[in-house]
Amino acid sequence: MDPLNKKPVDQQVEQYREIIEESKLGNRKAQYRLYQLYARAMFNVCFRMMRNREEAEDMLQESFTEAFDKLTSFRYESTFGAWIRQIVVNRCINEIKRKKTELSFFDDLGPFDTETEEPEVDESGLTVDKVKKAMEHLPDGSRMIFSLYLLEGYDHTEIAQILNITESTSKSQYMRARLRVKEVLNTMIHEN
């Protein structure tokens with residue numbers, strides 16, 4: 001099921017088929033409608049990965065341009081949302097690699113001890129904004145792994161290939177990031 005739409009995949013595909021087909025023919029109004037349907041969600045993906053509003057806007061624009069250029073290759077094998085999210089994530093990763101950003105991670109202290117007791121978070125005061133703010137406390141590399149795994153649905157094998165790290169590094173960095181996010185959330189909740 002497309003996370004952007006609560007209808008079953010078959011219904012989603014049919015719902016937007018006409019808009020997609022018109023967009024494939026170059027109909028600007030249909031393309032703008034498709035953009036309106038997915039821009040906000042895709043901007044959020046860009047912003048989580050780039051951590052900068054201007055860069056996120058650039059990635060969004062470039063991703064939609066690429067999507068419209070490749071739209072004739074869209075064969076309804078997935079939802080349009082899943083298809084364009086793949087383009088967005090790949091565009092952001094390529095930009096990060098292009099900039100040769102040195103991704104910083106939590107210090108590698110060896111395999112993460114899964115026996116470590118994680119702090120409980122009082123979820124009553126939890127909001128999406130608080131989680132996003134907590135994620136800002138993560139080193140860039142760890143934040144990217146956390147975002148790709150938890151929010152974008154990649155597995156550790158895929159993340160390892162994307163970031164050119166080992167699968168065990170991806171797993172340990174994710175666990176450390178998760179622990180750190182919980183600590184920050186607890187601090188934020190208790191401050192309010």
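## A tour of an eight-helix chain

Leu151 has a relative accessibility of 34% and therefore counts as partly exposed (buried is under 20% relative accessible area, exposed over 50%, partly exposed in between, with a 1.4 Å probe and protein chains only). The model is predicted: local features need pLDDT of at least 70, side-chain atom pairs count only at pLDDT 80 or more, and totals for chains, interfaces and linings use all residues. Residues are numbered from 1 along each chain as its sequence is written, and side-chain values use heavy atoms, with hydrogens and water left out.

**The whole chain.** Display the protein chain, which has eight helices and zero strands (helices are DSSP runs of H or I with at least four residues, strands runs of E with at least two, numbered from the N terminus). Of its 192 residues, 42% are buried.

**Helix α2 to helix α3.** Select Arg51, in the loop between α2 (28-50) and α3. Most residues other than glycine have a negative phi. Arg51, although not a glycine, has a positive phi of about 60°. Its relative accessible area is 33%, so Arg51 is partly exposed.

**Two buried positions.** Proceed to Ala56 in helix α3 (residues 53-70). With a relative accessible area of 0%, Ala56 is buried. Its C-alpha atom lies 10.0 Å from that of Val88, 32 residues apart along the chain. Next, select Ile84 in helix α4 (residues 80-98). Ile84 is likewise buried, at 0% relative accessibility. The C-alpha atoms of Ile84 and Tyr38 are 8.5 Å apart, with these positions 46 residues apart along the chain.

**Helices α6 and α7.** Return to Leu151, in helix α6 (residues 140-151). Together with Tyr149 and Leu150, Leu151 forms a nonpolar surface patch with about 240 Å² of accessible area (by the Shrake-Rupley method with a 1.4 Å probe, only the protein chains shown counting as cover for residues). Now add helix α7 (residues 156-163): the axes of α6 and α7 come within 10 Å and cross at roughly 140°. The two helices are therefore oblique to each other (angles under 35 degrees count as roughly parallel, over 145 as roughly antiparallel, 65 to 115 as roughly perpendicular and the rest as oblique).

**The last loop on the tour.** Finally, select Asn164, in the loop between α7 and α8 (167-191). Phi of Asn164 is near 55°, a positive value in a residue other than glycine. At 70% relative accessibility, Asn164 counts as exposed.

Note on methods: Patch = residues over 30% accessible without salt bridge, like charges linked within 9 Å, V, L, I, M, F, W, Y side chains within 5 Å. Salt bridge = Lys/Arg side-chain N within 4 Å of Asp/Glu carboxyl O. Axes fitted to C-alpha atoms, helices over the stretch in contact; angles between N-to-C directions.
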